[in-house]
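Student: Could we go through a protein model together? I'd like to learn how the labels people use follow from the values.

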Amino acid sequence: MKILVLNGPNLNMLGIREPEIYGRTTYKDLVAMIEEHCSKKGIDVTCSQSNHEGDLVDMIQQAYFDKVDGIVINPGAYTHTSVALLDALKAVQIPTVEVHISKVDEREAFRQISYVSYYACERIIGKGLDGYIEAIDYLEASV
Ligand code: DQA
């Protein structure tokens, strides 16, 4: 099974940005944690991050040509603004789980809108970095 884990803007700053919200674990550590989990399970995983909306669209489109079975996406702030990411996911029709490290549903009103959620088959919110692992396991069990 092939899984793509996509992180959007500012998630490369994990461990540095607002640690009281996002914790002190770095993006590098997150990738190591995901890779270790997937290697134990025999899942072929690729982790990618971009601060640029169009790059994220390109990566979602590429997942179609790479025959990816499932996508885990934390679109960061693009969650709340990007119809382009939603359309890209709808175009490729790959089962997708949306992850948020923080409890977006308990934060500012603007964080309670998610365009990606119109496509995602599951949302995992406010579980910290463990949410990514839960999302991978969800895809493994359901795809
Ligand atoms: C986030 C929540 C978003 O509102 C924010 O813009 C992020 C991270 C989260 O993981 O909690 O960058 O997606």
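Tutor: Happy to! Let's begin with V57, which touches A84, L85 and A88, leaving aside residues up to four places away in sequence. Keep in mind that this is a predicted model.

Student: What makes A84 count as touching V57?

Tutor: The test is heavy atoms within 4.5 Å. A84 is among the residues in contact with V57, together with L85 and A88. V57 itself is found in helix α3, residues 53-65.

Student: Is V57 buried or exposed, and how do you know?

Tutor: Buried means under 20% relative accessible area. V57 has 15%, so V57 counts as buried.

Student: And why is C121 called partly exposed?

Tutor: Partly exposed covers the range between under 20% and over 50%. C121 has a relative accessible area of 40%, so C121 is partly exposed. C38, at 0%, counts as buried.

Student: How many disulfides does the structure hold?

Tutor: Zero. A disulfide is a covalent bond between the sulfur atoms of two cysteines.

Student: Why is there no bond between C38 and C47?

Tutor: The cut-off for the two sulfur atoms is within 2.5 Å. The sulfur of C38 has its closest cysteine sulfur in C47, 7.1 Å away, so that pair is too far for a bond. For C121, the closest cysteine sulfur is in C38 at 16 Å, again too far.

Student: What makes the S102 and ligand pair a polar contact?

Tutor: The limit is a pair of N or O atoms within 3.5 Å. A polar side-chain atom of S102 lies 2.6 Å from an oxygen atom of the ligand, which meets that limit. The protein covers 98% of the 320 Å² of accessible area that the ligand has on its own.

Terms used
Residues numbered from 1 in each chain as written. Predicted model: local features only at pLDDT ≥ 70, side-chain atom pairs only at ≥ 80, totals over all residues. Heavy atoms only, no water. Helix = DSSP H or I, 4+ residues; strand = E, 2+ residues; numbered from the N terminus. Buried < 20%, exposed > 50% of the residue type's maximum accessible area, 1.4 Å probe, protein only. Polar contact = N/O pair within 3.5 Å; in protein donor to acceptor, adjacent residues only side chain to side chain. Areas by Shrake-Rupley, 256 points an atom, 1.4 Å probe, with all protein chains shown as cover.
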